[in-house]
Amino acid sequence: MGGRKRGQVIIMFVLALFVLVGFVALGIDVGYMYSVRNDLQRSVDSGALAGAYVFHNGGWVMGQDAPGTLRADAIDRATTFATQDPVGGTQLVNADVSFPYDDDNSKVNQIVVRVDKVVTLFFA
């Protein structure tokens with residue numbers, strides 16, 4: 001009775017090992033994606049704050065149009081700060097800086113910084 005069932009544990013162990021390795025690989029890849037996401041958020045926040053500081057420091061008054069040089073300086077500073085820190089081990093190449101409008105084409109007092117990065121995962 002005991003002689004025929006030998007070896008079943010090895011098969012079950014190997015199958016369970018494949019499942020566990022799959023979960024570990026998924027956990028590493030998802031953790032890396034969250035890490036890159038946090039790096040991107042940090043870069044965007046840095047760029048937006050740097051761009052907004054140009055308006056604050058330049059004497060801009062809310063409700064008025066920003067002078068062309070002030071707006072260009074804000075875009076340059078926001079782009080510089082957003083691409084300064086490495087994300088996923090490499091530098092970001094560019095950042096998209098914009099100033100949104102309302103539905104009625106009136107200016108909104110916001111600066112929007114967008115960045116993106118394609119990362120290669122370890123296992124997937």
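Me: Let me start with one residue: is Ser43 buried or exposed?

Reply: Good place to begin! To read burial, look at the relative accessible area: under 20% counts as buried. Ser43 has 0% relative accessibility, so Ser43 is buried. Keep in mind as we go that this is a predicted model.

Me: Where does Ser43 sit, and which residues does Ser43 touch?

Reply: Ser43 belongs to helix H1, which covers residues 8-57. Leaving aside residues up to four places away in sequence, its contacts are Phe81, Ala82, Asp85, Val87 and Leu92.

Me: Can I step back? How many helices and strands does the protein have?

Reply: Of course. There are 2 helices and 4 strands. Reading from the N terminus, their order is α-α-β-β-β-β.

Me: What percentage of the residues is buried?

Reply: The protein has 124 residues, and 20% of them are buried. For the outside, you can look at the exposed surface instead: about 9200 Å², with carbon and sulfur atoms supplying 60% of it.

Me: How do I read a nonpolar core, and which residues touch the most other members here?

Reply: Think of buried nonpolar residues joined to one another through their side chains. The largest such core here has 17 residues, and Leu40, Val113 and Val115 touch the most other members. Two elements, H1 and helix H2 (68-82), each give two or more residues to this core. H1 provides the largest share, with 5 residues.

Me: Which residues does Val115 touch?

Reply: Setting aside residues up to four places away in sequence, Val115 is in contact with Leu40, Val44, Ala82, Leu92, Asn94 and Ala95.

Me: What about contacts between residues far apart in sequence: what share joins residues at least 24 apart?

Reply: Here you begin with the contacts between residues at least 6 apart in sequence; 57% of these join residues at least 24 apart. You can also follow a single pair. Tyr53 and Ala74 are 21 residues apart along the chain, and their C-alpha atoms are separated by 7.9 Å. Tyr53 is in helix H1, and with a relative accessible area of 41% this residue is partly exposed.

Me: Now the rings. How many aromatic pairs are there?

Reply: The count is 2 aromatic pairs. To read one, check the ring centres and then the angle between the planes: over 60 degrees counts as edge-to-face. The ring centres of Phe55 and Phe99 are 5.7 Å apart and the planes stand at 90°, so this pair is edge-to-face.

Me: Where do Phe55 and Phe99 lie?

Reply: In distant parts of the chain, 44 residues apart. Phe55 is in helix H1, while Phe99 is in the loop between strand S3 (96-98) and strand S4 (112-114). Phe55 is buried, with a relative accessible area of 11%, and Phe99 is buried too, with 13%.

Me: How should I read salt bridges, and how many are there?

Reply: Look for a side-chain nitrogen of Lys or Arg within 4 Å of a carboxyl oxygen of Asp or Glu. This structure has 2 salt bridges. In one, Asp39 pairs with Arg42, and the closest N and O atoms are 3.1 Å apart. Both residues lie in helix H1, 3 residues apart, about one turn of the helix.

Me: And which residue forms a salt bridge with Asp85?

Reply: Arg42 again, with the closest N and O atoms 2.9 Å apart. Asp85 is in the loop between H2 and strand S1 (86-87) and Arg42 is in helix H1, so this bridge ties together parts that are 43 residues apart in sequence. Through shared partners, Asp39, Arg42 and Asp85 are joined into one network. Arg42 is partly exposed at 35% relative accessible area, and Asp85 is partly exposed at 29%.

Me: Thr83 caught my eye too. Is Thr83 buried or exposed?

Reply: Thr83 is buried, with a relative accessible area of 15%. Its place is the loop between H2 and S1. Not counting residues up to four places away in sequence, Thr83 touches Gln91, Leu92, Val93, Asn94 and Ala95.

Me: Last one: which residues form a nonpolar patch on the surface?

Reply: Ile10, Phe13, Val14, Leu17, Phe18 and Val21 do, and together they have about 620 Å² of accessible area. One of them, Val21, is found in helix H1.

How values were computed. Residues numbered from 1 in each chain as written. Predicted model: local features only at pLDDT ≥ 70, side-chain atom pairs only at ≥ 80, totals over all residues. Heavy atoms only, no water. Buried < 20%, exposed > 50% of the residue type's maximum accessible area, 1.4 Å probe, protein only. Contact = heavy atoms within 4.5 Å. Core = buried A, V, L, I, M, F, W, Y, C linked by side-chain atoms within 4.5 Å. Phe/Tyr/Trp six-rings, centres within 6.5 Å; stacked < 30°, edge-to-face > 60°. Patch = residues over 30% accessible without salt bridge, like charges linked within 9 Å, V, L, I, M, F, W, Y side chains within 5 Å. Areas by Shrake-Rupley, 256 points an atom, 1.4 Å probe, with all protein chains shown as cover.
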